[in-house]
Amino acid sequence: MAMEKYWELRIKDCKSALEENNFDAFIAETPSDAKKIVVDRILPDIDITSVSWGDSLTLYATGVLQYFKENPEIRLIETFGEKISRDKSMERRREAILTDLFFTGTNAVIESGVLVNLDMIGNRVGGITFGPKFVVIMVGRNKIVTNLEEAMNRIKNFAAPANAIRHGKKTPCVKTSYCMDCKSPDRICNIWTIHEKSHPQGRIKVILINRDLGL
């Protein structure tokens with residue numbers, strides 16, 4: 001009961017901080033509730049014909065991509081898949097930056113309402129920063145941190161090594177579990193972004209999910 005109240009308060013404060021920074025913010029109790037927020041509250045207020053996404057385990061947990069796969073009226077640009085070549089995947093990732101709606105997660109959200117991300121090739125952070133008309137970011141409560149230093153430490157010494165392991169990269173952190181500031185060709189820590197505010201207001205919509213999700 002105490003932990004439920006703790007997370008209720010912390011997520012509520014984070015939502016308020018995000019809204020003060022011009023993000024649209026929502027609270028979902030479960031991943032399926034996050035999907036409902038997209039379908040019932042976000043989509044009716046925006047006019048879109050195309051959708052894509054950047055890699056995110058939290059996003060996949062919501063099942064929202066399946067909704068678009070089953071909706072013939074909206075073009076879904078699939079940027080991942082075992083049956084497409086690397087060149088084709090890169091081409092689609094470029095297309096994704098010009099969609100009407102872009103989905104992804106975030107590596108960390110500071111409780112003052114700031115998003116912090118670290119990317120390998122830049123398609124995920126690029127989509128958040130500029131291009132798509134609207135962005136929806138799915139965030140598990142475990143991504144909430146107190147300050148920028150904690151955010152960067154979390155990313156470099158947890159999220160990045162875990163993602164390198166997940167993707168089968170040949171980097172030192174795969175063996176050590178923490179950042180070695182490597183020069184490996186497989187290095188995934190290349191591009192930092194810090195989003196202090198959403199511009200224009202409401203372009204980026206953040207759904208805070210009251211569950212530990214993603215990396």
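## Two sheets, a pocket and a cavity

Let's start with a single pair of residues: Val51 stands opposite Leu101 in S4. Val51 belongs to strand S2 (residues 50-53), which pairs with S4 in the parallel sense over three bridges. Strands here are DSSP E runs of at least two residues, helices are H or I runs of at least four, and both are numbered from the N terminus. Two strands count as paired if DSSP finds at least two bridges between them.

A word on the ground rules: this is a predicted model, where local features need pLDDT of at least 70 and side-chain atom pairs count only at pLDDT 80 or more, while totals for chains, interfaces and linings use all residues. Residues are numbered from 1 along each chain as its sequence is written, and side-chain values use heavy atoms, with hydrogens and water left out.

Back to the sheet. S2 and S4 sit in an open sheet of six strands, ordered S1-S10-S7-S4-S2-S3, with parallel pairing. Its edges are strand S1 (24-28) and strand S3 (75-76), each pairing on one side only. Helix H1 (residues 2-20) lies across S1 and strand S10 (204-209), and runs at about 165° to S1. That angle is taken between N-to-C directions on a 0 to 180 degrees scale, with axes as lines fitted to C-alpha atoms, for helices over the stretch in contact; contact itself means heavy atoms within 4.5 Å.

Two backbone oddities turn up in loops. Asn22, in the loop between H1 and S1, has a phi near 75°, a positive value in a residue other than glycine. Further along, the peptide bond from His199 to Pro200 is cis, with omega near -5°. Pro200 is in the loop between strand S9 (191-195) and S10.

Now for the other sheet. Four strands make an open sheet in the order S8-S5-S6-S9, and here the pairing is mixed. Strand S8 (144-145) and S9 are the edge strands, each pairing on one side only. Strand S5 (residues 108-110) runs parallel to S8, joined to S8 by two bridges; Val109 has Ile144 in S8 as its bridge partner. H7 lies across S5, S6, S8 and S9, at about 30° to S6.

H7 also leads us to the largest pocket, since its five residues are the largest share of that pocket's lining. How much space lies in the largest pocket? About 620 Å³. The elements giving two or more residues to the lining are helix H3 (57-62), helix H5 (86-96), strand S4 (101-105), strand S6 (114-119), helix H6 (123-129) and helix H7 (148-166). In total 29 residues line the pocket, with Asp55, Asp119, Asn163, Arg166 and His167 nearest its centre. By type, the lining splits into eleven nonpolar, ten polar and eight charged residues. (Ala, Val, Leu, Ile, Met, Phe, Trp, Tyr, Cys and Pro count as nonpolar, Asp, Glu, Lys and Arg as charged, and the others, Gly among them, as polar.)

Asp55 deserves a closer look. You'll find Asp55 in the loop between S2 and H3. Leaving aside neighbours within four places in sequence, Asp55 is in contact with Tyr60, Phe80, Thr104, Arg124, Arg166 and His167. Its side chain makes a polar contact of 2.8 Å with the side chain of Tyr60, and another, of 2.6 Å, with the side chain of Arg166. A polar contact is a pair of N or O atoms within 3.5 Å; within protein, one must be able to donate a hydrogen and the other to accept it, and residues adjacent in sequence count only if both atoms are side-chain atoms.

Finally, the structure has one cavity of 30 Å³ or more, with about 100 Å³ of space. On a 1 Å grid over the protein atoms alone, a cavity is a set of points where a 1.4 Å probe fits but cannot get out, whereas a pocket is an open set with protein on both sides within 12 Å along at least five of seven lines; lining residues have an atom within 4 Å of a point. Points are joined across faces, edges and corners, and a volume is the space filled by probe spheres set on them. Of the cavity's 13 lining residues, Thr171, Cys173, Cys179, Cys182 and Cys189 lie nearest its centre, and H7 again gives the largest share, three residues. Cys182 also uses its backbone oxygen, which lies 2.7 Å from a polar atom of the Arg187 side chain. Arg187 is in the loop between helix H8 (173-176) and S9.
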